[in-house]
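This report walks through the packing of one protein chain. Look over the sequence and the fold before reading on.

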Amino acid sequence: AQSMRSTRLRMSQAVRMCEAMRMGPASGAVAALASAALVAELSAGGGAAAILFEGRQALPLLDRLTLYIAALVLPLALATAAWSLRRGRQRQDGKSADAAVSAPCTGTVAGQSRGGSSCSSRPSPVGRRLFPGTSSRWVASSQFGRLARLLSLTEEEASCLEHRVKAIHAALWEDQGCRRSMEARPSSVGATESSGGSSSSSSSSSSFGSGSNGAREPQLHEPIDDYVVARFLLAAKSDQTKATNNLKNYVAWRQVLPGVVSPPDGWLNSAAILLPFEDRYGRPVVVIRARFLSSGDSDLFEQGFCATLDAVIGHLLSRRARGDALENNPLDQYIVWIDTSGAGMRNFSLPFVKTMQRLATMRYAERVAKMYVLFPGVFVRGLWRTVKGMLLERTQKNIQMVAEGEVSLVLRDLLGPGAQDLLPPELGGVARPWPSPEEALTLEDKAGTLAANAWRLLGAAPSWDVALQPQDPASAISGLAPEGRAAARSRGARNGLCTKCWDWLAHLLQMRV
């Protein structure tokens with residue numbers, strides 16, 4: 001029994017190895033690698049191997065040597081093939097990315113050509129990665145004081161907020177590239193205020209965002225309104241010039257993509273970051289499971305992180321498009337839970353921290369309302385002291401360490417009534433546990449329900465995503481990505497599935513799986 005448990009562990013490690021190589025393994029390749037580990041286990045097991053075979057006698061010495069050689073050669077051959085395939089894909093992706101970046105952005109916003117993306121080499125099934133059409137929110141002069149309080153500005157910064165916001169809008173409107181995908185700020189905002197302290201205007205001197213029937217059309221990014229400009233101004237430490245440049249670069253970045261960032265399969269297969277639900281204030285909750293992070297590909301991390309934040313933006317914009325005022329979340333922010341249980345130095349990457357800081361300043365300015373670090377141990381607290389100096393003072397105040405004994409209480413208070421039905425057992429709830437990377441099959445498992453629904457709405461969901469029925473494992477397998485199919489088949493015995501590879505293993509062991 002102990003030998004078989006070790007074998008199953010090695011088989012799951014083999015699957016993860018193939019996924020990490022991005023080789024998109026077919027079931028036969030994964031089974032071959034898994035069987036090599038199994039053969040090595042059996043050939044080295046001695047007495048354990050004898051129990052598994054009829055007659056309870058160990059294999060002859062010559063057969064054991066043959067199996068040893070096979071166990072060494074098969075993984076080496078597969079690793080070489082995976083490396084060659086990965087290099088070929090990298091060259092192809094690099095050519096596609098260079099072509100996308102160098103291609104000019106032409107055409108109108110609503111009818112723009114959907115070419116290759118520097119952040120996503122795989123086209124979405126819909127072919128349009130766009131945000132829901134929503135109206136811009138303009139702040140009346142009498143409400144800039146409220147906006148300053150929401151941003152926690154000093155008295156000096158608050159006194160200049162209205163002037164700087166209007167000046168940045170004027171500078172953006174003079175830029176021909178920005179003008180194609182934004183509205184001009186009205187010279188005066190009506191006295192009738194919305195519940196959020198702003199006036200939502202659907203008419204302006206610009207024709208952007210309005211179809212022939214007056215309905216809002218999908219857009220490349222969120223409306224560049226007073227709230228967005230104020231967030232970028234805050235991220236730039238009230239530096240008007242820096243905020244203007246960051247906004248221009250942001251709009252240009254969206255135009256080159258064009259639109260929403262699609263999640264890469266490598267990011268999804270890690271299942272490290274989930275977007276499962278909102279808190280009681282209407283803020284999406286981003287859960288970072290640090291133990292599943294690996295300090296590897298920085299480009300993959302950046303693309304995956306941008307895709308997750310685009311899912312946050314898309315979800316909030318879709319709510320506003322349906323008429324939800326989001327009174328408790330006027331800045332369209334989200335909160336972060338960092339689950340550090342089981343994490344170590346191997347899961348920490350300083351380049352990842354710098355990437356998140358850069359994105360929070362230049363692309364997703366002031367989107368994070370609060371960060372909660374769960375289960376911080378000695379290592380995490382020491383790491384926090386190291387990273388703390390790299391963050392803005394305002395950001396430091398928004399990070400809260402939550403000890404193990406307080407996790408359930410703090411999270412329930414954030415989620416409000418019904419929290420117990422949302423939280424998994426490890427966080428003090430009774431909901432279904434969040435799947436590990438090896439167990440995650442569907443898009444919901446890999447990224448969370450809110451993220452999966454948002455990507456489908458935005459046209460950014462991966463091409464393998466289908467609506468899966470849990471009671472039908474066979475149809476679920478057929479709709480998965482190659483990596484997901486391989487992982488699912490590695491658990492074939494548990495799911496009641498059978499493949500030729502498993503039959504071959506069963507024949508090898510002279511027993512039924």
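L247 has a set of contacts beyond its sequence neighbours. Leaving aside residues within four places in sequence, L247 is in contact with I168, L172, I224, V228, V229 and F232. The model behind these contacts is predicted.

L247 also belongs to the largest nonpolar core, which holds 75 residues. L247 is one of the members that touch the most other members. The rest of that group is L147, L161, I224, V286, F305 and W455. Helix α11, residues 298–321, gives the most to this core, with 11 residues. Another core lies apart from it and has 20 residues, including I335, L411, L423 and L427. In soluble globular proteins, nonpolar side chains tend to be buried together.

**Around helix α9**

T244 lies in helix α9, which spans residues 240–256. Is T244 buried or exposed? T244 has a relative accessible area of 9%, so it counts as buried. Not counting residues up to four places away in sequence, T244 touches I168, A171 and L172. Two of these names, I168 and L172, are also among the contacts of L247.

**Where α11 meets α18**

How do α11 and α18 pack? Their axes are 8 Å apart, at an angle of about 75°. Helix α18 covers residues 449–458. Angles from 65 to 115 degrees count as roughly perpendicular, and α11 and α18 are therefore roughly perpendicular to each other. On the α11 side, the contact is made by A307, T308, D310, A311, G314, H315 and S318. On the α18 side, the residues are L450, A451, A454, W455, L457 and L458. The residues of this contact divide into eight nonpolar, four polar and one charged.

Burial in α18 includes L450, A451, A452, A454, W455 and L458. These buried residues pack against α10 (265–270), α11 and α17 (443–447). W455 appears again here: it is buried in α18, it takes part in the contact with α11, and it is among the residues that touch the most other members of the largest nonpolar core. After α18 comes G459, with a positive phi near 75°.

**Two loop residues**

D175 sits in the loop between α6 (155–174) and α7 (176–179). D175 counts as partly exposed because its relative accessibility is 25%. The C-alpha atoms of D175 and K248 are separated by 8.2 Å, though the two residues are 73 residues apart along the chain.

Q333 is found in the loop between α11 and β5 (334–339). Why does Q333 count as buried? Its relative accessibility is 14%, and buried means under 20%. Not counting residues up to four places away in sequence, Q333 touches R283, P284, L316, E366, R367, V368 and A369.

Both side chains reach a backbone atom, as the table lists.

| Side chain (polar atom) | Backbone atom | Distance |
|---|---|---|
| D175 | nitrogen of G177 | 3.0 Å |
| Q333 | oxygen of E366 | 2.9 Å |

E366 is thus listed twice for Q333: as a residue that Q333 touches and as the owner of the backbone oxygen 2.9 Å from a polar atom of the Q333 side chain.

**The chain as a whole**

The secondary structure comes to 22 helices and seven strands. The chain has 513 residues, and 49% of them count as buried. Among contacts in the chain with a separation of 6 or more, 72% are accounted for by residues 24 or more positions apart.

How values were computed: Residues numbered from 1 in each chain as written. Predicted model: local features only at pLDDT ≥ 70, side-chain atom pairs only at ≥ 80, totals over all residues. Heavy atoms only, no water. Core = buried A, V, L, I, M, F, W, Y, C linked by side-chain atoms within 4.5 Å. Buried < 20%, exposed > 50% of the residue type's maximum accessible area, 1.4 Å probe, protein only. Helix = DSSP H or I, 4+ residues; strand = E, 2+ residues; numbered from the N terminus. Contact = heavy atoms within 4.5 Å. Polar contact = N/O pair within 3.5 Å; in protein donor to acceptor, adjacent residues only side chain to side chain. Axes fitted to C-alpha atoms, helices over the stretch in contact; angles between N-to-C directions. Parallel < 35°, antiparallel > 145°, perpendicular 65-115°, else oblique. Nonpolar A, V, L, I, M, F, W, Y, C, P; charged D, E, K, R; others polar.
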